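Student: I'd like to go through this model with you, sheets to begin with and helices after that. Can we do it as questions and answers?

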Amino acid sequence: MVFVGIIEKNFSFTIMTRIELNVAGQPISLIFNQQQIIQVFHQQQALVLESESEHLQSCQINEHAVNFNTSQLAEGLLGIAVNAQPPQWLEVPHQQTENKRGWLGLAMLTFKIFKSAKVVKAALAGASVAGYAWLFSLEFALMIIACLVVHEYGHVRAMKYFGIKTKGIYLIPFVGGLAVSDEKITTRWQDVVISLMGPAFGLITSVLGVVLYYATEMEIFAGVAVLSALLNLFNLLPILPLDGGHVLKSISFSMRSWVGLLACFGGVLLGLYISWTFGLMLLVFFIFIGCLEIVFEWRERHISHLLPLDRYGQIVSALMYVVVAVGHIAVMMHFADSDNVILSLPMKILSN
Ligand SMILES: [Zn+2]
């Protein structure tokens, strides 16, 4: 069986660190890399960060003006000055520049080179259409590409919303699509929203398919609706590195860390079961990548730069996930009793 999934990941090489501290009597979260402060959070809200000069950044915490001197950040020292007082130098954890990840680092470097080549995009898109057309039909190929592009566009929109630079959408023949970002996310909330916006935009394709089907009575639109619903539901499975897996990871890692580890490995087991049942060998490969991600995050959980979700954020994330999933399930159920074999196929597969 062929795997038509949608995999995406934030590929970035800068290492970020998050620390919690008290400034002017207020608890804040600081996210920084070796050169500068990336973001400052106060009560789960990102503060406006101004760059005064190369090594001087400032923000406003309540009525206090706070200046950050980042000239010695690479050596593990950060200067903090409140209301124009002399700066206090704070020791912060500093990162080694050497890449200890071995072959994983090499793989990422290969990808970095690959993603910088703009030509690849058009070539990949063409190869994707040709690939799916060869496997199925041209009509089906264009349907798949349309679903993939709308889904990926949702991710890209969400990244742009958070001010994260993107490299755009890539189509990978026989694998799916990829929305590539240039910078790392700083909060688990961003991960949730970016991950969910793919399937949420996919809901537009699904619903539009239903509407156009009844408006024109052309079966291809019903086909698009069912295909889009199936594709997006697949990506909502709580398995890393699928979109649903990112939502699960963000919520569960925001609770106690061992809850995150257990939940994510629960997803791995589910993924292996699905791979086995449907013979999706490519999914096994992606689950392996997902396992690396889980282990890596678990090991680095104490120095993770990602701002966790508070209880409210966890509940809202879970609710948003349910709403998007129910939307696609409703579209699929709508055609479940259809006489057309193709349209009712997804439901038959799932109910077996
Ligand atoms: Zn996605």
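Tutor: Sure. One definition before the sheets: two strands count as paired if DSSP finds at least two bridges between them. Also keep in mind that this is a predicted model.

Student: In what order do the five strands of the open sheet run?

Tutor: Use that pairing rule and follow the partners across the sheet. The pairing is antiparallel. From one strand to the next, the twist averages 30°. Reading across, the order is β6-β7-β8-β9-β10.

Student: Which strands stand at the edges of that sheet?

Tutor: Look for strands with a single partner strand, so that one side of each is left without a neighbour in the sheet. The two that fit are β6 (50-53) and β10 (88-91).

Student: What is the bridge partner of S51 in β7?

Tutor: β6 and β7 (residues 56-61) run antiparallel and are joined by three bridges. S51 falls within β6, which spans 50-53. Its bridge partner in β7 is Q57.

Student: On to the four-strand sheet. Which are its edge strands?

Tutor: This one is also an open sheet with antiparallel pairing, and its order is β2-β3-β4-β5. An edge strand here pairs on one side only. That gives β2 (17-23) and β5 (45-46).

Student: How many residues lie between β3 and β4 in their hairpin?

Tutor: β3 (residues 26-32) runs antiparallel to β4, and five bridges join them. In one of the pairs, L30 has V40 of β4 as its bridge partner. The number of residues between the two strands of the hairpin is four.

Student: And which turn residue between β4 and β5 has a positive phi?

Tutor: β4 (residues 37-42) and β5 are antiparallel, with two bridges between them. F41 is the bridge partner of A46, and H42 stands opposite Q45. These strands form a hairpin with two residues between them, and the one with a positive phi of about 50° is Q43.

Student: Now the helices. How are α4 and α5 oriented to each other?

Tutor: Two packed helices are described by the angle between their axes and the distance between the axes. For α4 (residues 188-216) and α5 (residues 219-236), the axes are 7 Å apart and the angle is about 160°. Angles over 145 degrees count as roughly antiparallel. So α4 and α5 are roughly antiparallel.

Student: How many charged residues are in the contact of α4 with α5?

Tutor: On the α4 side the contact includes G198, G202, G209 and Y213, and on the α5 side it includes F221, A225, S228 and L236. By class, there are 11 nonpolar residues and nine polar ones. The number of charged residues is no more than that list leaves: there are no charged residues.

Student: Is the crossing of α4 and α6 left-handed or right-handed?

Tutor: Here the axes of α4 and α6 (residues 243-254) are 8 Å apart, at an angle of about 155°. That angle is over the 145 cut-off, and therefore α4 and α6 are roughly antiparallel. The crossing of α4 and α6 is left-handed.

Student: How many charged residues does the contact of α4 with α6 have?

Tutor: Among the residues making the contact are R188, D191 and V192 of α4, together with D243, H246 and F253 of α6. Sorted by class, five are nonpolar and five are polar. The charged residues number three.

Student: What about α3 and α5: which way does α3 cross?

Tutor: α3 (residues 138-161) packs on α5 at about 50°, with the axes 10 Å apart. That makes α3 oblique to α5. The crossing is right-handed.

Student: How many nonpolar residues are in the contact of α3 with α5?

Tutor: Residues of α3 including E139, M143 and H151 meet residues of α5 including I220, L227 and N232. Four residues of the contact are polar and one is charged. The nonpolar ones number eight.

Student: Last one: how much of residues 220-255 is helix?

Tutor: In an unreviewed UniProt entry, 220-255 is one of the ranges listed for "domain: Peptidase M50". The end C-alpha atoms of this stretch are 44 Å apart, and its strand content is 0%. Its helix content is 81%.

Note on methods. Residues numbered from 1 in each chain as written. Predicted model: local features only at pLDDT ≥ 70, side-chain atom pairs only at ≥ 80, totals over all residues. UniProt positions renumbered as here; feature names shortened; annotations may be inferred. Axes fitted to C-alpha atoms, helices over the stretch in contact; angles between N-to-C directions. Parallel < 35°, antiparallel > 145°, perpendicular 65-115°, else oblique. Contact = placed C-beta atoms within 7 Å. Nonpolar A, V, L, I, M, F, W, Y, C, P; charged D, E, K, R; others polar. Left-handed = near helix turned anticlockwise from the far one by under 90°.
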